[in-house]
Amino acid sequence: MSMIENDKTADVVPAELDEPAPIAPATDNIGERVLKVVIPLAMLTLLVGLWAWYVKAYNVPHYILPSPWLVAQTLVEDWGILSAALLVTLKITFSALAIALVGGVGLAVLMTQSRWIEVAIYPYAVILQVTPIVAIAPLILIYAPTTQSAILICAWIVAFFPVLSNTAQGLKSTDHNLLNLFELYGASRWQTLFLLKMPSALPYFLAGLRIAGGLALIAAVVAEFAAGSAGAGSGLAFRLQEAGFRLKIPRLFSALLLLSATGVVIFFCTSMISHLLLRRWHESALKREN
């Protein structure tokens with residue numbers, strides 16, 4: 001009887017082991033999200049307050065350092081001019097980014113499918129990346145049919161390499177055990193590419209997208225500076241130069257503020273796309289309790 005009792009007691013599981021693991025309350029997540037918004041806003045308010053105090057305390061002239069309120073007022077008054085220039089810059093930025101995405105992903109796929117294509121093309125992609133865009137912009141301006149197309153080419157050159165490099169690295173980083181499994185089941189090269197390699201390379205591609213989005217905007221502005229374009233069809237770079245030459249410093253600050261806000265929005269949008277595509281399966285986007 002003692003042996004039977006011992007067996008029965010061994011099969012009994014303590015009650016506390018059946019209880020589910022404690023789940024962090026939802027209020028903690030809400031509080032963390034609120035802090036992520038409140039802390040940057042508080043820091044921004046502090047910086048703007050220090051800026052306004054410095055201008056008022058030391059009577060700094062507006063043509064040297066305008067107050068935040070004057071910058072905001074100028075932004076509202078000159079919104080028609082600045083918004084038109086912003087649309088031109090955004091058009092070039094997103095066009096260059098779209099071409100860089102298509103060309104970078106396509107070329108990365110070709111390079112990973114053929115070693116000879118990689119050996120033939122990749123060194124020249126590196127040369128384009130490491131060459132300062134300001135140095136080659138005059139040549140592009142000579143051979144491009146229009147100034148806008150030259151600026152677009154310059155922005156594409158800068159945004160192209162991050163997409164190509166990250167996507168190619170992601171395609172090469174596919175788990176070799178999974179590759180052997182696909183080979184064992186007789187999958188074709190294209191089945192392996194679309195069903196295994198490209199999903200595995202998605203986090204790398206999205207990282208390249210976040211980098212390329214900001215670089216496309218920067219390159220569009222730098223290329224316009226180098227091109228020296230002017231007139232009604234010019235972007236924010238021309239408005240920055242114009243404000244500096246005419247000593248309209250409040251407008252210059254307004255254009256800089258608009259340009260910075262545009263870069264932040266582009267980074268936020270690309271980060272949100274990355275989060276939505278990776279949040280359910282990739283380690284970089286999964287939320288951990290510890």
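Which residues does leucine 164 touch, not counting residues up to four places away in sequence? They are Gly104, Leu107, Ala108, Met111 and Ala125. Keep in mind that this is a predicted model. The protein has 12 helices and zero strands, so a run through the elements from the N terminus reads α-α-α-α-α-α-α-α-α-α-α-α. Here's a tour, by topic.

**Overall numbers**
- Of the protein's 290 residues, 34% count as buried.
- The accessible surface is about 18400 Å², and carbon and sulfur atoms own 69% of that.
- Take the contacts with a separation of 6 or more: 71% of them come from residues 24 or more positions apart.

**Nonpolar cores**
- The largest nonpolar core counts 22 residues, and Phe160, Leu164 and Leu171 have the most contacts inside it.
- Helices α5 (79-113), α8 and α10 (189-227) each put at least two residues into this core.
- Another core lies apart from it, with 17 residues, including Ile136, Ile151, Ala155 and Val158.

**Salt bridges**
- The count comes to six salt bridges.
- Aspartate 78 pairs up with arginine 251, with the closest N and O atoms 3.0 Å apart. This pair ties together distant parts of the chain, 173 residues apart: aspartate 78 is in the loop between α4 (68-77) and α5, and arginine 251 is in helix α12. Both aspartate 78 and arginine 251 are buried.
- Lysine 172 and glutamate 118 make another salt bridge, with 2.4 Å between the closest N and O atoms. They also link distant parts of the chain, with lysine 172 in helix α8, glutamate 118 in helix α6 (residues 115-130), and their positions 54 residues apart. Lysine 172 counts as partly exposed because its relative accessibility is 43%, while glutamate 118 is buried, with a relative accessible area of 11%.
- Glutamate 242 bridges to arginine 246, the closest N and O atoms being 3.4 Å apart. Glutamate 242 has 12% relative accessibility and so counts as buried, whereas arginine 246, at 53%, counts as exposed.
- Asp78, Arg239, Glu242, Arg246 and Arg251 are all tied into a network of salt bridges.

**Threonine 174, a buried loop residue**
- Threonine 174 sits in the loop between α8 (147-172) and α9 (176-184).
- Its relative accessibility is 2%, so threonine 174 counts as buried; the cut-off for that label is under 20%.
- The side chain of threonine 174 reaches back to the backbone oxygen of leucine 171, at 3.1 Å. Leucine 171 also shows up among the residues with the most contacts inside the largest nonpolar core.
- Leaving out residues up to four places away in sequence, threonine 174 touches Leu179, Leu196, Lys197 and Ser200.

**Out at the surface**
- Ile30, Val34, Val37, Val38, Leu41 and Leu44 make up a nonpolar patch on the surface, with about 540 Å² of accessible area together.
- One of the patch residues, valine 37, belongs to helix α3 (residues 26-57). Valine 37 counts as partly exposed because its relative accessibility is 49%, and exposed would take over 50%.

**The C-terminal segment**
- Glutamate 283 is in the segment after α12 (249-278).
- With 48% relative accessibility, glutamate 283 counts as partly exposed.
- Glutamate 283 and proline 203 are 80 residues apart in sequence, yet their C-alpha atoms are 9.9 Å apart in space.

Terms used:
Residues are numbered from 1 along each chain as its sequence is written. This is a predicted model: local features need pLDDT of at least 70, side-chain atom pairs count only at pLDDT 80 or more; totals for chains, interfaces and linings use all residues. Side-chain values use heavy atoms; hydrogens and water are left out. Helices (H or I, at least four residues) and strands (E, at least two) are DSSP runs, numbered from the N terminus. Buried means under 20% relative accessible area, exposed over 50%, partly exposed in between (1.4 Å probe, protein chains only). A polar contact is a pair of N or O atoms within 3.5 Å; within protein, one must be able to donate a hydrogen and the other to accept it, and residues adjacent in sequence count only if both atoms are side-chain atoms. Contact means heavy atoms within 4.5 Å. Accessible areas come from the Shrake-Rupley method with a 1.4 Å probe; for residues, only the protein chains shown count as cover. Patches are made of residues with over 30% relative accessible area and no salt bridge: like charges are joined within 9 Å, nonpolar side chains (Val, Leu, Ile, Met, Phe, Trp, Tyr) within 5 Å. A salt bridge is a side-chain nitrogen of Lys or Arg within 4 Å of a carboxyl oxygen of Asp or Glu. A nonpolar core is a set of buried Ala, Val, Leu, Ile, Met, Phe, Trp, Tyr and Cys residues joined through side-chain atoms within 4.5 Å.
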